[in-house]
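Let's take a walk through this one together, stopping at a strand, a helix and a few rings along the way. Keep the viewer open and follow along.

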Amino acid sequence: IQSGISCYVVDGDNICCDDTEGDREVNTIYDLLIQDVAKKHELPWALVKAICMIESSFNPWAMRYELDDPRTPKKENDYRWIYGDPAKMPLHEYISQKVGWGMMQIQGAVARELGFTGRFLSELCDPRINIEFGCKHLKGFYRRYGNWNDAIASYNAGSPRKGQDGKYVNQKYVDTITTYWEEYQTGGEIL
């Protein structure tokens with residue numbers, strides 16, 4: 001069981017970690033589930049585990065509303081990733097589609113697009129459902145780009161956008177995920 005580690009994505013690409021107990025265990029109660037679902041989707045289990053760690057610190061109840069960033073100018077209907085007709089959906093569905101849910105922080109609208117039919121998007125907090133749809137999403141990016149770094153960047157930012165320096169706009173995210181991925185794969189220590 002993971003203990004003493006808190007990681008959060010702040011400002012979209014800055015990773016903040018707090019290792020309060022001075023040790024970083026890489027075994028979680030979700031390892032078998034992660035391995036099972038990753039294998040089903042032909043994904044590296046250690047990559048899926050790394051995404052769970054960075055997105056939520058393995059918290060199945062993690063939630064993040066994606067729109068109300070005070071740095072972003074408000075425009076009417078400025079959220080473009082709604083699956084379905086907003087005029088025909090209940091308010092809770094409209095709001096829930098803008099939320100990143102669970103361990104892989106799968107967005108409600110993305111889950112709907114990928115075929116999630118649950119009545120409430122909060123069902124995405126179920127670890128098996130969440131990892132299933134997170135893996136579908138990640139696999140889609142890998143199929144599209146054929147490159148793990150592009151897929152990782154896209155999982156976090158929607159596409160593998162790069163700046164003029166040739167680095168991903170979310171390079172810190174990509175680097176952190178790949179570091180955890182490598183360490184989980186080899187059983188090494190994450191520094």
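In which strand is Met63 found? Met63 belongs to strand β3, which covers residues 63-65. Bear in mind as we go that this is a predicted model. With a relative accessible area of 53%, Met63 is exposed. Pull up Trp101 next to it: the two residues are 38 apart along the chain, yet their C-alpha atoms are separated by 4.9 Å. Trp101 also turns up among the contacts of Met63, along with Val99, Gly100 and Gln105, once neighbours within four places in sequence are left aside.

Now swing over to helix α5, residues 127-145. This helix has 19 residues and reaches 27 Å from its first C-alpha to its last, close to the 27 Å expected at 1.5 Å a residue. Have a look at how α5 starts and what comes after it. At the N-terminal end, Asp126 acts as the cap, with a side-chain oxygen 2.9 Å from the backbone nitrogen of Arg128. After the helix comes Gly146, whose phi is positive, near 65°.

Which residues of α5 are buried? The list runs Asn130, Ile131, Glu132, Phe133, Gly134, Cys135, His137, Leu138, Lys139 and Phe141. The cover over these buried residues includes helices α1 (31-40), α2 (45-56), α4 (108-113) and α6 (148-157), plus strands β4 (99-101) and β5 (106-107).

Let's zoom in on a few members of that list. His137 sits in helix α5, and it counts as buried because its relative accessibility is 18%, under the 20% cut-off. Leaving out residues up to four places away in sequence, His137 touches Ile106, Val110, Leu114 and Tyr155.

Cys135 is buried too, at 0% relative accessibility. So what about disulfides? The count comes to zero. Cys135 is in no disulfide, and the nearest cysteine sulfur, that of Cys52, is 7.5 Å away. A disulfide needs the two sulfur atoms within 2.5 Å, so that spacing rules out a bond between Cys135 and Cys52. Another cysteine to click on is Cys125, which is buried at 4% relative accessibility.

On to the rings. How many aromatic pairs does the structure hold? There are five. One of them is formed by Phe141 and Tyr145, which are stacked at 6.5 Å centre to centre, with 15° between the planes. Both residues lie in α5, four residues apart, so about one helical turn separates them. Phe141 is buried, with a relative accessible area of 9%, whereas Tyr145 counts as partly exposed at 25% relative accessibility. Elsewhere among the aromatics, ring pairs link Tyr142, Trp148 and Trp181 into a cluster.

Finally, two lysines are worth a look for where they sit relative to a ring. Lys49 lies over the face of Tyr184, 4.5 Å from the ring centre. Lys162 is placed over the face of Tyr168, at 4.9 Å from the ring centre.

Notes:
Residues are numbered from 1 along each chain as its sequence is written. This is a predicted model: local features need pLDDT of at least 70, side-chain atom pairs count only at pLDDT 80 or more; totals for chains, interfaces and linings use all residues. Side-chain values use heavy atoms; hydrogens and water are left out. Rings of Phe, Tyr and Trp (its six-membered ring) pair if their centres lie within 6.5 Å; planes under 30 degrees apart count as stacked, over 60 as edge-to-face and the rest as tilted. Helices (H or I, at least four residues) and strands (E, at least two) are DSSP runs, numbered from the N terminus. Buried means under 20% relative accessible area, exposed over 50%, partly exposed in between (1.4 Å probe, protein chains only). A charge sits over a ring if NZ of Lys or CZ of Arg is within 6 Å of the ring centre and within 35 degrees of the ring normal. The expected span of a helix is 1.5 Å times one less than its number of residues. Contact means heavy atoms within 4.5 Å. A polar contact is a pair of N or O atoms within 3.5 Å; within protein, one must be able to donate a hydrogen and the other to accept it, and residues adjacent in sequence count only if both atoms are side-chain atoms.
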